[in-house]
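Here is a short report on one protein model. Keep the sequence and the 3D view open while reading.

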Amino acid sequence: MLLPIVDRHVIRQVSLPLAGALVIGLLMLLADRMVRLLDTTLGKKNSFSVVFEMLAYLVPHYLGTALPAALFLGLLLGFGKMSANSETDAFMASGIGLNRMARPVILMGAAICVMSLVIMGWLQPFARYAYRSVVFDVQNVEVFYLAEEDRKSTRLNSSHTDISR
């Protein structure tokens, strides 16, 4: 189904700032967390790959936060640009009212609402569980290595004492 020109124009004017705000907001939220994760995993085995794995598990959480804010900024900047370029005046002069211009934005908001429901309801809990599992592994990696080294050293000491007898 092909959308009318008005709908495509309004969606294009809103979706470009929405995508930019979403990417920038997501990167800012992830950059803040990355600093803390680097502090936690620094000096551990495979620390950079673990940090990026943990960040990937945090994307649904931050996407649930950034998506509504990006929609707001996309609407604000998109309609602000259309107003500054007198496009809204041209639409109204040609008989297209604000209700008609709001129709594609309402549909976009409903689609983002469904997407947010899927992210927050299903994807985020699974990703959060995987994130907590990786955090547990990273925090306990030293304990496992020390226990493994202790086991190796007791085997060496017991075999050494058996040889000397």
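Start with helix α1, which covers residues 5-41 and has 37 residues. From first C-alpha to last, α1 reaches 52 Å, close to the 54 Å expected at 1.5 Å a residue. G43 follows α1, with a positive phi near 90 degrees. Keep in mind that this is a predicted model.

**Overall layout**

The protein chain has 4 helices and 0 strands. Along the sequence the pattern reads α-α-α-α. Of the 165 residues in the protein chain, 32% are buried. The accessible surface comes to about 11000 Å². Carbon and sulfur atoms account for 68% of that surface. Take the contacts between residues at least 6 apart in sequence: 79% of them join residues at least 24 apart.

**The second helix**

Helix α2 spans 47-84. With its 38 residues, a straight helix would reach 56 Å at 1.5 Å a residue. The end C-alpha atoms of α2 are only 49 Å apart. Where does α2 kink? The kink lies at V59 and is about 40 degrees. The proline P60 comes shortly after V59.

T65 also sits in α2. T65 has a relative accessible area of 45%, so it is partly exposed. Its C-alpha atom is 9.8 Å from that of L22, although the two residues are 43 residues apart along the chain.

**The nonpolar core**

The largest nonpolar core has 32 residues. Which of its members touch the most others? They are V10, L37 and M54. Helices α1, α2 and α4 (98-164) each supply at least two residues of this core. The largest share, 12 residues, comes from α2.

M54 gives a close-up of the packing. Leaving out residues up to four places away in sequence, M54 touches L37, T41, Y131, V134 and V135.

**Polar residues with little exposure**

Q13 is located in helix α1. Is Q13 buried or exposed? Its relative accessible area is 12%, which is under the 20% cut-off, so Q13 is buried. Beyond its neighbours within four places in sequence, Q13 is in contact with G78, K81, M82 and E87.

T88 belongs to helix α3, residues 87-93. At 12% relative accessibility, T88 counts as buried. T88 touches M82, S83 and M101, again leaving out residues up to four places away in sequence. M82 thus appears among the contacts of Q13 and among those of T88.

**The loop between α2 and α3**

S86 comes just after α2, in the loop between α2 and α3. Its phi is positive, about 60 degrees, although S86 is not a glycine. With 36% relative accessibility, S86 counts as partly exposed.

**Salt bridges**

Side chains of opposite charge can pair when their charged atoms come close. How many salt bridges does the structure hold? There are 2. The table gives the closest N and O atoms for each pair.

| Salt bridge | Closest N and O atoms |
|---|---|
| R100 with D7 | 2.6 Å |
| R36 with D32 | 2.9 Å |

Take R100 and D7 first. R100 is in helix α4 and D7 in helix α1, so the pair ties together parts that are 93 residues apart in sequence. D7 has 8% relative accessibility and counts as buried.

Now take R36 and D32. Both lie in helix α1. They are 4 residues apart, about one turn of the helix. R36 is partly exposed, at 44% relative accessibility. D32 also counts as partly exposed, at 44% relative accessibility.

**In brief**

Helix α1 spans close to its expected length, while α2 falls short of the straight-helix reach and has a kink at V59. The core of 32 residues draws on α1, α2 and α4. One salt bridge joins R100 of α4 to D7 of α1, and another pairs R36 with D32 within α1.

Definitions and conventions. Residues numbered from 1 in each chain as written. Predicted model: local features only at pLDDT ≥ 70, side-chain atom pairs only at ≥ 80, totals over all residues. Heavy atoms only, no water. Expected span 1.5 Å × (residues − 1). Core = buried A, V, L, I, M, F, W, Y, C linked by side-chain atoms within 4.5 Å. Buried < 20%, exposed > 50% of the residue type's maximum accessible area, 1.4 Å probe, protein only. Contact = heavy atoms within 4.5 Å. Bend = angle between axes of the 7 residues up to and from the residue. Areas by Shrake-Rupley, 256 points an atom, 1.4 Å probe, with all protein chains shown as cover. Salt bridge = Lys/Arg side-chain N within 4 Å of Asp/Glu carboxyl O.
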